[in-house]
Amino acid sequence: MIEIKNLTKVYKLNKKKMMELRTKETTKKAANDITLTARPGEIYGLLGPNGAGKTTTLRCVATLLTPTEGSVSVCGYDTVKQPDKVRESICFLTNEIKLDPHFSPKYLFQFFGRLHGIDEATIEARRKELFEYFDITDFENKKIEELSTGMKQKASIAVSLVHDPKVVIFDEPTNGLDIITARNVTDLLQKLRDEGKLVIISTHIMSEAEKLCDRIGIIIDGKKITEGTLPELLAETNAADLEDAFFNLYKVHHKEEK
Ligand SMILES: Nc1ncnc2c1ncn2[C@@H]1O[C@H](COP(=O)(O)OP(=O)(O)OP(=O)(O)O)[C@@H](O)[C@H]1O
Ligand SMILES: [Mg+2]
């Protein structure tokens, strides 16, 4: 279970960032009093436009950022007080995570498996299963730098899952992937969900949220505006599809900020 309670994250802005954000403010409230609960056996999606605060929220869950206010717990462990316990329970994936280009998928899988203290037989069994799932087996001894973008991404996902985490956090899971690799990834997330794991993702792609997520939390300007299953969101906003639902909410809530 992930429990986010009144999470607020304020960044200090340097001059470059102030220019980028076209602001005179010296701080930016990237997450503003976000409260949500995500449970095992579901895919929870944070849906929002660029700069909404999705990555910030997921980084707080993954112990990579400390909340300015509020708290986050994962599997009952507080991300600030017990970060090591949280890290044992999660994997955090983004498209920016790069494996060392000089090593092979097989070597890296074994290396990280040992780092997690997993026994060799279990490492091998998991490696076989995940590499077969992702069709990496034929490339397992090639160097990462020799692999295609899709294959690199699949290898990094496989390596991230070596410790069989209960909670899978994925920032923009299909960003930059071709449709076949993207499908591979979303199928895997559904498989993990069906095995009873908690999957939480961020996305700005409406169709992805619609198809993949059991519940969706809509984030605009750092705030969670609403949350629910797709039918619940459509009923609430009187919309035919998620895109319409999103725009209906965006019109109201983005204006309020100004
Ligand atoms: N390290 C940082 N320092 C200052 N401001 C930041 C920092 N990281 C993010 N921000 C700002 O905080 C806001 C939220 O950013 P965040 O990356 O969480 O959004 P996002 O919803 O993930 O957006 P995207 O869809 O573009 O990935 C943005 O305005 C961003 O510019
Ligand atoms: Mg982001």
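Which residue follows α4, and what is the sign of its phi? In this predicted model, α4 is followed by Gly 117, which has a positive phi, near 75 degrees.

The helix itself spans residues 105-115, and Pro 105, Phe 109 and Gly 113 within it are buried. Viewed down the axis of α4, these buried residues fall within an arc of 65 degrees, so they line one face of the helix. An α-helix has 3.6 residues a turn, so residues three or four places apart point the same way. The elements that cover the buried residues of α4 include α5 (120-133) and α6 (149-160).

The interior may be considered next. In soluble globular proteins, nonpolar side chains tend to be buried together. Here the largest nonpolar core has 59 residues. Those touching the most other members are Ile 2, Val 61, Ala 158, Ile 169, Leu 189, Val 199 and Ile 200. Val 61 illustrates how such a position is connected: neighbours within four places in sequence aside, Val 61 is in contact with Ile 2, Ile 4, Val 72, Val 74, Thr 79, Ile 169 and Ile 200.

The surroundings of ligand 1 complete the account. Ligand 1 is surrounded by 15 residues, of which Tyr 11, Ala 30, Lys 54, Thr 55 and Thr 56 are the closest. At least two residues of this shell come from each of β2 (27-38) and α2 (54-61), and α2 provides the largest share, 3 residues. By class, the shell comprises 7 polar, 5 nonpolar and 3 charged residues.

Notes: Residues numbered from 1 in each chain as written. Chains lettered and ligands numbered in written order. Predicted model: local features only at pLDDT ≥ 70, side-chain atom pairs only at ≥ 80, totals over all residues. Buried ≥ 20, exposed ≤ 12 C-beta atoms within 10 Å, placed from the backbone. Helix = DSSP H or I, 4+ residues; strand = E, 2+ residues; numbered from the N terminus. Arc of directions from axis to C-beta. Contact = placed C-beta atoms within 7 Å. Near = placed C-beta within 6 Å. Nonpolar A, V, L, I, M, F, W, Y, C, P; charged D, E, K, R; others polar. Core = buried A, V, L, I, M, F, W, Y, C linked by C-beta atoms within 7 Å.
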